[in-house]
Amino acid sequence: MTIKIGITGGIGSGKSVVSRLLEVMGVPVYISDVESKRLTASDTQIRRELIGLLGEEVYAGGELNRPLLASYIFGNPEHIRTVNGIIHPRVRDDFHRWVEQHTVCPIVGMESAILIEAGFAGEVDVVVMVYAPEEVRIARAMQRDAVPRELVERRVRSQMSDEEKRGKADFVIVNDGETPLIPQVLGVITSLSKNIDYFCLSENRLHPGINK
């Protein structure tokens, strides 16, 4: 049985860095943000439902009209839920297919900033939260995206708090720029590898409780 781990964390926490380390260590990772964009552009069911919602112009010229979609959902929680209700089920199905293609791997991962909020936590066996202090996260996001502090702070406030994420995580990896990452990632893999037999015998989620 393949153990599925979910990697999550707020903007600027360094989820992608942890995902890359996992891949280097032989753990393939499904990057949900990348795959959801691919599916939104190519999946016929998503295309049909978005056109039904926003009209043909949402795929003007055959390409997804991202500014139009962004203007529809910006600042409107109900619109966000509607669009997520179209896209997230297809991402979930795609992840299932991806996992089936990686059954030879003892451990696989799914990276998602909204792993918990989107309900994807129910698709994995273990949740790994990547944590960094808020000031560090803001500075990273400002530099990475070349955007003003106010915009980053607004994004931070729109996400689930670190405290709530931590309460739902099985492992917490600290990525504050000072604590070494590699030993922490290796610790997660080692802990899960010791419990592979448990996973094979039980359908219950494992709650290792280390670093929590």
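Contact here means heavy atoms within 4.5 Å, and with that in hand the tour of this predicted model can open at a single tyrosine.

Select Y30 first and display its surroundings: leaving aside residues up to four places away in sequence, Y30 touches E35, L39, V91, D94, F95, W98, G109, M110 and E111. Two of the names in that list, V91 and M110, return when the largest nonpolar core is coloured, since Y30, I46, L50, V91 and M110 are the members that touch the most others among its 31 residues. At least two residues of this core are supplied by each of α3 (44–54), α4 (66–73), α5, β3 and β4, and the largest share, seven residues, comes from α5. Colouring by domain is useful at this point, because domain 1 (1–27 + 104–211) and domain 2 (33–100) both contribute residues and the core therefore lies between them. Another core, of 19 residues, lies apart from this one, and L21, V29, L181 and L192 are among its members.

Turn next to the charged pairs, of which the structure holds 16 in the form of salt bridges. Select R38 and D94, whose closest N and O atoms are 2.8 Å apart in a salt bridge; this pair links distant parts of the chain, with R38 in helix α2 (residues 32–42) and D94 in helix α5 (residues 77–100), 56 residues apart. The two partners are unlike in their surroundings, for R38 is partly exposed at 38% relative accessibility, whereas D94 is buried, with a relative accessible area of 11%. Adding E35 and R97 to the selection completes a network in which E35, R38, D94 and R97 are joined by salt bridges that share partners.

Staying with helix α5, select R92 together with E123, which form a salt bridge with the closest N and O atoms 3.1 Å apart. E123 lies in the loop between β3 (107–111) and β4 (126–131) while R92 belongs to helix α5, so this pair ties together parts that are 31 residues apart in sequence. E123 counts as buried, its relative accessibility being 17%.

As a last stop, centre the view on D162 and R137, a salt bridge in which the closest N and O atoms are 3.1 Å apart. D162 sits in helix α8 (residues 162–168) and R137 in helix α6 (residues 134–145), so that parts of the chain 25 residues apart are linked. Which of the words buried or exposed suits R137? R137 is buried, with a relative accessible area of 4%, and D162 counts as buried at 12% relative accessibility.

How values were computed
Residues numbered from 1 in each chain as written. Predicted model: local features only at pLDDT ≥ 70, side-chain atom pairs only at ≥ 80, totals over all residues. Heavy atoms only, no water. Salt bridge = Lys/Arg side-chain N within 4 Å of Asp/Glu carboxyl O. Helix = DSSP H or I, 4+ residues; strand = E, 2+ residues; numbered from the N terminus. Buried < 20%, exposed > 50% of the residue type's maximum accessible area, 1.4 Å probe, protein only. Core = buried A, V, L, I, M, F, W, Y, C linked by side-chain atoms within 4.5 Å. Domains from an automatic or database assignment.
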